[in-house]
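Please walk through this structure step by step, beginning with the chain as a whole and then turning to its helices, its strands and a few single residues.

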Amino acid sequence: MSTLPGTIVGDIEWFEQRVGAWAENPIGIGLTAGQVTEITTETTQARTAYDAAQAAKTAAKNATVTQNTQVSEMRSLGGQLITVIRAFAQTQPDPNAVYTLASVPPKQEPTSVPPVTPTDIDFDLTNNGEISLKWKGSTTGGTVFSISRSVQTEPGQPFGPFEQIGLTGTRAFIDGTIPSCTIAAQYTVRAYKGAFPPAASKITTVRFVPSGNGDTTQLRVAA
């Protein structure tokens, strides 16, 4: 059986527990003062090296955690931006020009199935006075949705032209850019997928009416 424990920290501690006593009477144990001084120095240096190695391991572990967190956040945001770029490309006359400019490849379609027409557009008024839109449809195969809005600002006047207000890869969208003078808004959602023509939903109209006390707003769907 070996006298020393056989582990790094065990061996260091073994000598740390003895070199002090050895130094008090080296001749009594058959050693010279020089030998005891040398083993004391080696033990001290071994402890210093061990502590430095442990600190380096801890720093490396912390650095790895930070690295993995940052890479995860980069991938998450980057994936969202790539989705937006592809969604924007599909709304342009020449999608390939956008892909080339962004150096992003078109999404490979797993199947040759056209986009599903969005239906059942529903809405709600948020606490911030924004319109929360939701609809039914499919997001498979890289489908993205383009949301367009037309507003009416005076009773009896026609609605203005439809303008695209956002793109999303989910079946929900928050409209936070409603003009303050709006009394009604019309929404339509178009589903884009690959080279297929977009599939447009029916128009949904949202009317803003006083709640009765003159200082709050409610919503109702046009008849």
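Among the contacts in the chain between residues at least 6 apart in sequence, 55% join residues that are at least 24 apart. This and the other values below come from a predicted model, and they are best read with that in mind.

The chain holds 4 helices and 9 strands, and when it is read along the sequence these elements follow the pattern α-α-α-α-β-β-β-β-β-β-β-β-β. Its radius of gyration is 35 Å, well over the 17 Å that the globule rule gives for 223 residues, so the chain is more spread out than a compact globule. Along the principal axes, the C-alpha trace spans about 115 × 50 × 30 Å. Of the 223 residues, 25% count as buried, and the accessible surface of the chain comes to about 14,300 Å², with 55% of that area belonging to carbon and sulfur atoms.

The helices come before the strands in the pattern, and helix α1, which covers residues 8–16, is a useful place to start. Within α1, the residues G10, I12 and W14 are buried, and what covers the buried residues of this helix includes α2 (19–24) and α3 (33–90). The N-terminal end of α1 is capped by T7, a side-chain oxygen of which lies 3.0 Å from the backbone nitrogen of G10.

Further along, the loop between α4 (95–102) and β1 contains S103. Most residues other than glycine have a negative phi. Against that background, S103 has a positive phi, near 55 degrees, in a residue other than glycine, and at 66% relative accessibility S103 counts as exposed. D120, which lies in strand β1, likewise is not a glycine and has a positive phi of about 50 degrees.

Strand β1 leads into the next part of the picture, an open sheet of 3 strands in the order β1-β2-β5, with antiparallel pairing. Because β1 (119–125) and β5 (172–175) stand at the edges, each with a single partner strand, one side of each is left without a neighbour in the sheet. On average, and with direction ignored, neighbouring strands of this sheet are turned by 20 degrees against each other. Strand β2, made up of residues 131–136, runs antiparallel to β5 and is joined to it by 4 bridges; S132, for example, has I174 in β5 as its bridge partner.

Another set of pairings centres on strand β6, which spans residues 184–192 and is mostly covered, with 8 of its 9 residues buried. Strand β3 (residues 144–152) is joined to β6 by 9 bridges, and these two strands run antiparallel; in this pairing, F145 has A191 of β6 as its bridge partner. Strand β6 also pairs in the antiparallel sense with β7 (residues 199–200), over 2 bridges, and here the bridge partner of R190 is A200 in β7. Together β6 and β7 form a hairpin with 6 residues between them, and G194 in the turn has a positive phi of about 55 degrees.

How does the loop before β6 relate to its surroundings, and which residues does I178 touch? I178 is found in the loop between β5 and β6, and, not counting residues up to four places away in sequence, I178 touches G129, I131, R149, Y187 and F208. By way of contrast with these contacts, I178 and T140 are 38 residues apart in sequence and 30 Å apart in space, from C-alpha to C-alpha.

A last residue to look at is T205, whose place is in strand β8, made up of residues 204–210. T205 has a relative accessible area of 13% and is therefore buried, the cut-off for that word being under 20%. The side chain of T205 makes a polar contact with the side chain of Q186, at 3.4 Å.

Note on methods
Residues are numbered from 1 along each chain as its sequence is written. This is a predicted model: local features need pLDDT of at least 70, side-chain atom pairs count only at pLDDT 80 or more; totals for chains, interfaces and linings use all residues. Side-chain values use heavy atoms; hydrogens and water are left out. Two strands pair if DSSP finds at least two bridges between them. Axes are lines fitted to C-alpha atoms, for helices over the stretch in contact, and angles run from 0 to 180 degrees between N-to-C directions. Buried means under 20% relative accessible area, exposed over 50%, partly exposed in between (1.4 Å probe, protein chains only). Contact means heavy atoms within 4.5 Å. A polar contact is a pair of N or O atoms within 3.5 Å; within protein, one must be able to donate a hydrogen and the other to accept it, and residues adjacent in sequence count only if both atoms are side-chain atoms. The radius of gyration is taken over C-alpha atoms; the globule rule is 2.2 Å times the number of residues to the power 0.38. Accessible areas come from the Shrake-Rupley method with a 1.4 Å probe; for residues, only the protein chains shown count as cover.
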